[in-house]
Amino acid sequence: MTKMKFGVAVDEETVEKVDELVAECDDFGAAGSEIVEAILTAFVQSETNHAERV
């Protein structure tokens with residue numbers, strides 16, 4: 001799978017939550033971008049229709 005970089009802007013609260021996750025995952029050495037990638041991958045690959053739920 002090819003990876004592509006792109007920029008996004010998020011609010012400070014989201015950044016703080018990601019920073020908390022990075023701190024909690026310190027043993028794994030996970031970077032913020034890796035955590036965000038994992039979250040987005042789970043969201044996109046989910047069988048849930050997120051648009052319908054919103």
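Start with the whole chain in cartoon view: its secondary structure comes to three helices and zero strands, where helices (H or I, at least four residues) and strands (E, at least two) are DSSP runs numbered from the N terminus. The chain has a radius of gyration of 13 Å, well over the 10 Å that the globule rule gives for 54 residues, so it is more spread out than a compact globule. That radius is taken over C-alpha atoms, and the globule rule is 2.2 Å times the number of residues to the power 0.38. This is a predicted model, in which local features need pLDDT of at least 70 and side-chain atom pairs count only at pLDDT 80 or more, while totals for chains, interfaces and linings use all residues. Residues are numbered from 1 along each chain as its sequence is written, and side-chain values use heavy atoms, with hydrogens and water left out.

Keep the whole chain selected. Along the sequence, the pattern reads α-α-α. Taken along the principal axes, the C-alpha atoms fill a box of roughly 35 × 30 × 20 Å. Now switch to a surface view. The chain exposes about 5200 Å², and carbon and sulfur atoms supply 55% of it; accessible areas come from the Shrake-Rupley method with a 1.4 Å probe, and for residues only the protein chains shown count as cover. Of the 54 residues, 6% are buried, where buried means under 20% relative accessible area, exposed over 50%, and partly exposed in between (1.4 Å probe, protein chains only).

Next, select K3 and E37. They form a salt bridge, with the closest N and O atoms 3.3 Å apart. K3 lies in the segment before α1 and E37 in helix α2 (residues 32-45), so the pair ties together parts that are 34 residues apart in sequence. The structure holds one salt bridge, defined as a side-chain nitrogen of Lys or Arg within 4 Å of a carboxyl oxygen of Asp or Glu. K3 counts as exposed at 63% relative accessibility, and E37 as partly exposed at 35%.

Then select D11, E12, E13, E16, D19, E20 and E24, which gather in a patch of negative charge on the surface. Patches are made of residues with over 30% relative accessible area and no salt bridge; like charges are joined within 9 Å, nonpolar side chains (Val, Leu, Ile, Met, Phe, Trp, Tyr) within 5 Å. Lys and Arg count as positive and Asp and Glu as negative, with His and the chain ends not counted. D19 lies in helix α1 (residues 12-24) and is partly exposed, at 47% relative accessibility.

For the nonpolar counterpart, select F6, V8, V10, V15, V36 and L40, a surface patch of about 550 Å². V15 is placed in helix α1 and is partly exposed, at 36% relative accessibility.

Finish at R53 in helix α3 (residues 50-53). R53 counts as exposed, at 67% relative accessibility. Select I39 as well: the two are 14 residues apart in sequence and 18 Å apart in space, C-alpha to C-alpha.

How values were computed
The place of a charge is taken as NZ of Lys, CZ of Arg, CG of Asp or CD of Glu.
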